[in-house]
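Me: I have just started learning to read protein models, and I would like a close look at a single part of this one. Could you pick one strand, walk me through it slowly, and then show me what lies around it?

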Amino acid sequence: MTNTVLQAESLSKSYHGLQAVKNLTMAVLEGEVFGFLGPNGAGKTTTINMLCGLLRPDSGRVLLHGTPLSGGDERLKALVGVCPQNIVLWERLTCLEQLVFIGQMYGLSAGLARQNGLRLLAELDLEEKRDKLARTLSGGMQRRLNVAMALVHDPQIVVLDEPEAGLDPQSRVKVREYIQSLARRKTVILTTHNMDEADRLADRVAIIDHGELLVLDTPELLKQRVGEGDVLEIHLNNGLTGVETAQKALHSLASEVSLDLTSQVLRVRSLNAVGRLADILEALSAAGFKPGQVNLHANTLEDVFIQLTGRRLRE
Amino acid sequence: MRKTLTIAVKTLLEAWRDRQLIIVYLAFPALMVLVYYVGFGQSTSMASFITVVVENRDRGALGAEFVQALHAAMFDGQPVFTIQENIPPQQGEISLEEGKAAALLTIPPDFSAALERKQPTPAEISLLGDPLTDTYVFTFSFLNEVSRTFIDAKINWQQPLPVSLEFLPNTGKLTDFQFGVPGMMVFGLTFGLIVTALVLVREETSGTLQRIRLSKASGAQMMGGVAIANLALGVVQAPLAFVTALACGFRSPGSLPLALGITLIFNLGMAGVGFLVACFSRSEGAANGIGTVVMVVYVFLSGAVFPMPTTPLFYLGGHMVQLYDILPSMHAGEALRRVLIYGDGIPSIAYELTLLVIQSLLLLALGAWLYQRKMLKSQY
Amino acid sequence: MNLTKILLVARKNLLEIMREPVLLGFTLLMPAFFMVINYIGYGASPKTATYPIWIMQNTPQADTLIARLRAERYADGRPAYDLIFTRDHAAAEAALVEKRAAALLVFDEDTSGQVFVTMRGDALNMAFTRASVQIEAALVPLLEDAQGKPRLLVVSMQPLGLARPLSDFDAYTPGMMVFALLMLIPQTAMLVARELRLGTLRRLQLTLLKPAELLAGVSLAQMFFAVIQVLLMLVTALLFGFHNRGSLPLALGIGLVLSFSSIGMGLVVACFVRNDTDALNTGSVASMLQVFMSGAFFPMTVPAVFTLLGHQISPFDFLPATHGMLALQQVLTGGAGLEKVAFRLAAATLLSVLYFLLGVWIFTRRQRVYSK
């Protein structure tokens, strides 16, 4: 999982004077699930399109397995499968027909395209619908078929744009499981606004805003170092009247300490509080406190995201 | 009424922001007039469409004089013929067969001899062509006239031919272009039913019709709004076509405001037909197909493009009632023709106008009713 | 170009159209329907009509002339005129206006006691024009003889060797065929534009399918329907009594060339639209304008710009439909063979190929995967 499959070097792109992507450099590793997050209008789609060879950058370059891409590189077409955010299907073709068709458009033989199509339909629980017209499927089924269409030619790299959008919980679980099954076999680039989805699925997450890469790291490390931190709720068996002693005891371990006098719960906010729990409890004990039950409210990726991109609504 | 107007404004806004749609809708009748002008209106001379290939085999000098007479033949101060001489026979034959030349005129070897009375039998000028084409008929008629005048001059014949031709008022001076303008306008306006149907079907395929179903707007309000929008566009569309016709030299002895009124009434009827078409279309392709079929019926069987043979069923108040009187395009075309070509006023076209109004309103009401029942009714 | 991919795209399009019954129905049957309309409107009107002529006879000297008119017959035995006698000038005038009468003939006596004939009618009514020409041809020799004028010259009609249509239905059939085939323009444009609207065009751009292969596949599917359309149109016309004079296989071939030209133009239209509605609107306008410019309805009297191999070329000859119309007319109603229509057929074919290539070229440039 250490080989770089796709690399962006100083990519930039402007539209009508608006800089959509600014000097972006990042690498996608082979076999990883790469989460690509950002607010609306941040430049995600533009970046993805450049990485997939659908859009020519104004400057910079994209390397595929270390080789720079040129315009309309057909190697990339065969290697990449893209599942768009919108459901894009031929309404009057059956599930199997359109899988076979698109597979053949990628150069597969009819037999192989059919074989792959049947396998994908089985994997995505659409086997019973193979001979049904796409327009007769429910929204969830259409979205699963949408995913299958990106995979029929067995690409090395799969780009999934909001694959869980509009799905019911059962379908969402199904798709998530499927994406997880793709990992290691394929390199998955996942764009999503669902932070929970990204947290669960992505090996690494890149957050982009205003066309610039803000951070790139694993979800765990991001949660540990960005954001307002985890919150520990420590029930104290002492009868406290003030929080100052606790704040003093924890001044190097927590960014924020508060006390609920009624419930005698000490609320401690700290980055990577879980990792520091032992130290925090020891510091409290040393200060004469008697910590009891501890509740943890972990820092989420959403917290990280909001911290980096702000609360202002976007286009 | 407020909701109806709101829907009308929305429809107009959407049309305005769909540049291709609005340009096509507004400009189509004008374009039809323009194309017709290009084909028929650039010259008022008969010579623009009577081309005669001449082969002079006369052994004497009169044959050449006769050809000069053909060159000099005038009608309403304009040349009658375009004469082509000395062209290769194969080219002349091709021109005839392709309809580019109306006829091949052969002046016989004994032409001068016959006119100089040096032989007992008359000379025979043959006119080779298709007697079933209009141009050949015109050619034959004018040729007879020219030859008669030529011979009368040669033999000093003074007695005039006891035949005179009279035309109905305002019919003697028109070109094919002028005559065709009303029909082209009807053709152009009928196209509007396809556009109306497409716009309504698009509401359904894009899913926005569902929003309207869920709202408090009634079907009548929606249909009324769309009809008003159609009318508003018609107020631009028809004058644009008239202005184009005027710019191309069309002159009408009749009332242009009256003609405009006729087009607006017809426009409403076509909007109603558009609603009906949309009721039976599940896609834009189907709307175009059904709309085209309906349009062909309205245009061709109404006589707008080709004059229709009369099909009398009975007489009503002195008016012949025909089979195709069920088509509003028939009455629109006839009313427009009577106003624009013959200069008639409302009293003269009262019959056509009444039928047009009734049929247009009926179509509008039927289209609105059916659209509401089929497309706007809640599923619950 | 990969033939397999082209065939696959064609198959996909065929499947989609066949699963849209209304569209399929109209695709296949609309052209034949045009023939039916043509028949309904004009099937009963022979080109050589029996013209209703109203007569006001104010002198017995006109008897000979009227007898001459009454005796006039067409080759098939039908009378040339239906003579209606009247003394009511207002009624006759109304009949002229309402086209119940082709012409009004008034026979008077002039001051010298000779017959004077006034022919009155609507100059805009072709029936009056034709009837008056025929009447003049019949009566003028008698009138001139009565005046004692020597007959030195006779102008005679000599019909072309090629057989001609017998009815308006026959005459309009080639034009209706051209009209019907021009409807392939909006339909073809719609098929491509629909892919754009649905986003499936984007999907195809991500594959190894070339734009030219996509368009060729769409065109092939359309040609499949075109074959059926042309056959159905010819069969329908024949069933309704069309008097075919020429080779049906040749007419079929011309029809297919015309179809191909419409498909090519449809591709060009598709390059400039964003959705089905635009495609159908703009494509329909292109069709309707060409119907007139090609001379399908009436021969357009646009002056020739130059002559090529004996054929006059006018500005509208940049349209393949113009050549196709001429060729179809010459074959179906004129009985012409391949050698007579070879030039027009070749011109139509060449222009069709050019439009197709133009459509592919513009589409490829505008839909280039590696967009700017």
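Reply: Here is a walk along one strand of chain C, followed by a look at other parts of the model. Please keep in mind that this is a predicted model.

Let's start with strand 4 of chain C, which covers residues 115-121. Is this strand mostly covered or mostly open? It is mostly covered, as six of its seven residues are buried.

Now look at its partners. Within chain C, strand 4 pairs with strand 3 (residues 103-109), and the two are joined by six bridges in the antiparallel sense. To see one such pairing, find L105(C): its bridge partner in strand 4 of chain C is M119(C). Strands 3 and 4 of chain C form a hairpin with five residues between the strands. In that hairpin, look for G113(C), which takes a positive phi near 85 degrees.

Strand 4 of chain C also has a partner in another chain. Strand 7 of chain B, residues 163-167, runs parallel to strand 4 of chain C, and five bridges join them. Here you can find F167(B) standing opposite G121(C). While you trace these strands, it helps to know that side chains in a regular strand alternate between the two faces of the sheet.

How far can you trust the partner chain? Chain B has an average pLDDT of 85, and 94% of its residues score at least 70. Among the elements of chain B, the highest mean pLDDT, 94, belongs to helix 11 (residues 256-279), and the lowest, 74, to helix 9 (residues 208-214). Where pLDDT is low, the predicted coordinates should not be read in detail.

Next, stay in chain C and turn to a helix. Helix 11 of chain C (residues 276-293) has 18 residues and reaches 25 Å from its first C-alpha to its last, close to the expected 26 Å. Like strand 4 of chain C, which is mostly covered, this helix is mostly covered, with 17 of its 18 residues buried. Just after the helix comes G295(C), with a positive phi of about 80 degrees.

Finally, chain C also touches chain A. The contact takes 21 residues from chain C and 24 residues from chain A. On the chain C side, helix 1 (3-18) and helix 8 (200-206) each supply at least two residues. By class, that side has nine nonpolar, eight charged and four polar residues. As for chain A itself, there are eleven helices and 14 strands, and 43% of its 315 residues count as buried.

Notes:
Residues numbered from 1 in each chain as written. Chains lettered and ligands numbered in written order. Contact = placed C-beta atoms within 7 Å. Helix = DSSP H or I, 4+ residues; strand = E, 2+ residues; numbered from the N terminus. Nonpolar A, V, L, I, M, F, W, Y, C, P; charged D, E, K, R; others polar. Buried ≥ 20, exposed ≤ 12 C-beta atoms within 10 Å, placed from the backbone. Pairing = 2+ DSSP bridges. pLDDT = per-residue confidence, 0-100. Expected span 1.5 Å × (residues − 1).
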